[in-house]
Amino acid sequence: MKTHGNPLIAVLLATSLFVSFPLTANAAPLIKISESSNLKTVSVSQGSKVQITLHSTYWSSKKVINLKAVGAPISVPIMPGPKAPPGCQFAGTGCGSVTWTFVATKAGSASFEAGRTSCGEALKCTASQQKFKVLFKVK
Amino acid sequence: MRTFSFTRVGVLLSVPMLILSLSIPNQAIADNQRQGQSQGQSQNNDRADSQQNNSFKNDQPNFSNNREQTLESGMEPVIIQPSRQDGGALVQPGKAALYVGTADSTAINYNLGAPVMASAQKIYEVWYGSWNTNLTAPLGPKAYQTFTNNFLSGMVSSGYWGINNAYYQAAKLAPTTKNPVSNPVFQQQVVLPANTSKYGSTLSQSSIYNIAKNTFFPAGTADKDGIYLVLTSSEIKVSGFGTQFCGWHSYNSASNAKYSFVGDPATTSGCLAQSTGPNLAGADSMLSVLAHELEETATDPQLNAWYSANGKENGDKCAWTWGATIKQSNGGYSNINIGGTNYLIQQNFKLGSKTAGAGIDTWSGTCALS
């Protein structure tokens with residue numbers, strides 16, 4: 001076949017479809033944020049979708065500035081028990097995650113803050129463990 | 001060709017986007033940082049003596065039925081002598097810095113049909129480690145045991161435990177017929193030095209379960225009303241203690257055992273409420289965690305009855321919250337007096353009003369001491 005006779009064209013065609021796919025599927029990039037972004041500034045473009053996932057069900061949103069929520073936060077608890085993943089066998093550990101999704105609607109600065117009061121089963125939280133905050137520079 | 005033309009536009013626009021995305025720091029999803037715990041439930045056939053009943057009496061613990069135990073092959077038997085600690089005698093001078101948590105006032109749910117401990121819970125205690133040897137002045141041997149059991153004997157009939165009596169079990173088909181949580185009674189305690197136990201001084205969840213099993217139900221079927229406590233001294237290492245938990249309770253469906261671990265936090269800052277307790281910082285903090293685990297075990301023994309949407313049981317919702325506190329002469333804070341002794345015990349989630357749903361009762365509530 002002709003196509004098989006010219007693999008370079010086939011590769012270029014496949015590459016072009018792959019590379020151009022983001023333009024046709026969804027123009028807004030999805031920025032994924034987690035604990036590693038705590039107290040850091042993330043640059044995003046205006047209109048970007050920001051997905052923040054924190055890995056304990058005990059986190060709750062405290063303050064959101066210049067971010068528009070997309071739906072309600074999604075909590076995915078991991079139920080305790082012998083079949084739970086390591087570290088999650090006990091009730092009260094808060095195993096699981098909470099995910100918030102926002103759109104960075106305004107150019108300038110934006111921020112998200114979350115808090116929690118428990119860091120494990122009957123376990124104290126240090127001050128730094130109780131807070132999560134990420135800043136956004138929206139261009 | 002159109003395709004190539006489209007490709008060029010795609011590449012031209014995608015490359016800056018790629019550069020932009022690469023310039024965005026820290027957008028990777030963090031790994032779950034929880035440390036692993038052994039999930040195994042290994043079995044063995046070690047033999048323990050049978051138990052004798054011995055109920056709490058309000059503020060008058062009766063240890064007369066504690067007797068010599070032959071727990072494991074080759075270990076030295078330990079006899080727990082009846083003793084009594086004067087109220088507030090475990091005092092050490094110093095300054096306290098009280099840690100205060102934040103109450104979670106969101107609703108708690110009861111899943112209709114799930115059990116609570118509606119019969120009197122029987123408390124079985126394994127004091128694992130150097131409880132009889134390492135306590136220095138002003139503490140003497142067995143001080144923790146006596147202190148703990150004095151507290152429990154008074155707590156079970158106090159308004160503090162009364163909060164748990166409002167929790168209940170009910171069938172899905174008869175949701176208004178409620179069977180409330182009952183009160184605990186003391187059953188038996190055993191001291192098990194680590195150097196005479198095959199489990200040694202580093203414990204996993206499975207070894208904690210097996211310590212309880214081999215001590216109290218070696219045949220493999222637990223007392224259905226039993227709560228098996230494994231209480232470790234400060235030199236015993238339990239993976240996750242102080243970093244993932246200060247205690248926990250769990251359930252083994254094969255043996256029907258409700259079992260719990262609480263460690264001595266004297267040397268673990270993550271589990272210490274204050275540097276100087278109203279009695280002794282380590283013992284006081286241990287009691288608060290013990291109360292936490294007992295009230296959770298009583299209301300959610302199989303981990304399927306009472307908990308909130310984020311997974312918190314009643315004790316979790318009020319962990320490290322104290323309500324009004326009183327500063328003691330030694331600088332430590334207390335918040336409750338039971339049997340003439342001042343303690344610092346975390347609050348519990350007191351049920352308020354109910355909203356009935358499909359298979360679930362949803363209760364508002366607040367953290368309280370009675």
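**Note on a predicted two-chain model**

1. In helix α2 of chain B, the 13 residues should span 18 Å at 1.5 Å a residue, and because the end C-alpha atoms are 18 Å apart, the expectation and the model agree. This is a predicted model, and the helix, which runs over residues 143–155 of chain B, is a convenient place to begin reading it. α2(B) is mostly covered, with twelve of its 13 residues buried; among them are B:Y144, B:F147, B:F151, B:L152 and B:M155. The buried residues of α2(B) pack against two helices, α3 (159–165) and α5, and against the strands β2, β5, β14 (336–338) and β15 (341–343), all of chain B.

2. The partner α5(B) deserves a paragraph of its own. Helix α5 of chain B takes in residues 281–299, and its 19 residues should span 27 Å at 1.5 Å a residue, so the 28 Å between its end C-alpha atoms agrees with that figure. The helix is mostly covered, since 19 of its 19 residues count as buried.

3. How do the two helices meet? α2(B) and α5(B) pack with their axes 11 Å apart and at an angle of about 40 degrees, which makes α2(B) oblique to α5(B), and the crossing in which α2(B) passes α5(B) is right-handed. On the side of α2(B) the contact is made by B:Y144, B:F147, B:T148, B:F151 and B:M155, while α5(B) contributes B:A283, B:L287, B:L290 and B:A291. Sorted by kind, the residues of this contact are eight nonpolar and one polar, with no charged residue.

4. B:M155, which belongs to helix α2 of chain B, allows a closer look at one end of this arrangement. The residue is classed as buried because 26 other C-beta atoms lie within 10 Å. Apart from its neighbours within four places in sequence, B:M155 is in contact with B:Y160, B:W161, B:A291 and B:I338, and B:A291 is also one of the residues that α5(B) brings to the helix contact. By contact, then, B:M155 is linked to B:A291; as for B:G282, that residue is 127 residues away from B:M155 in sequence and 19 Å away in space, C-alpha to C-alpha.

5. Another helix of chain B, α4 (residues 205–216), has twelve residues and reaches 17 Å from its first C-alpha to its last, which is close to the 16 Å expected at 1.5 Å a residue. α4(B) is mostly covered as well, with eleven of its twelve residues buried, including B:I208, B:Y209, B:I211, B:K213 and B:F216. The buried residues of α4(B) pack against strands of chain B, namely β2 (121–128), β5 (184–192), β6 (202–203), β7 (226–232), β9 (247–252) and β10 (257–263).

6. For chain B taken overall, there are six helices and 17 strands, and 47% of its 370 residues count as buried. Among the contacts in chain B between residues at least 6 apart in sequence, 75% join residues at least 24 apart.

7. One residue of chain B has a backbone that a reader may wish to inspect: B:W320 has a positive phi of about 65 degrees although it is not a glycine. B:W320 sits in the loop between α6 (314–317) and β12 (326–327) of chain B. Is this loop residue buried or exposed? With 25 C-beta neighbours inside 10 Å, B:W320 counts as buried.

8. Chain A has two helices and nine strands, and along the sequence the pattern is α-α-β-β-β-β-β-β-β-β-β. Of its 139 residues, 37% count as buried, and 62% of the contacts in chain A between residues at least 6 apart in sequence join residues at least 24 apart.

9. Two positions in chain A can be read together through strand β4. A:K63 lies in β4 (residues 60–65) of chain A and is exposed, because there are 10 other C-beta atoms within 10 Å. A:K63 and A:K131 are 68 residues apart in sequence, yet 11 Å separates them in space, C-alpha to C-alpha. A:N66 is placed in the loop between β4 and β5 (68–69) of chain A, has a positive phi of about 60 degrees although it is not a glycine, and counts as partly exposed, with 16 C-beta neighbours inside 10 Å.

Note on methods: Residues are numbered from 1 along each chain as its sequence is written. Chains are lettered from A and ligands numbered from 1 in the order in which they are written. This is a predicted model: local features need pLDDT of at least 70, side-chain atom pairs count only at pLDDT 80 or more; totals for chains, interfaces and linings use all residues. Helices (H or I, at least four residues) and strands (E, at least two) are DSSP runs, numbered from the N terminus. The expected span of a helix is 1.5 Å times one less than its number of residues. A residue is buried if 20 or more other C-beta atoms lie within 10 Å of its own, exposed if 12 or fewer, and partly exposed in between; C-beta atoms are placed from the backbone. Two residues are in contact if their C-beta atoms, placed from the backbone, lie within 7 Å. Axes are lines fitted to C-alpha atoms, for helices over the stretch in contact, and angles run from 0 to 180 degrees between N-to-C directions. Angles under 35 degrees count as roughly parallel, over 145 as roughly antiparallel, 65 to 115 as roughly perpendicular and the rest as oblique. A crossing is left-handed if the near helix is turned anticlockwise from the far one by less than a right angle, and right-handed if clockwise. Ala, Val, Leu, Ile, Met, Phe, Trp, Tyr, Cys and Pro count as nonpolar, Asp, Glu, Lys and Arg as charged, and the others, Gly among them, as polar.
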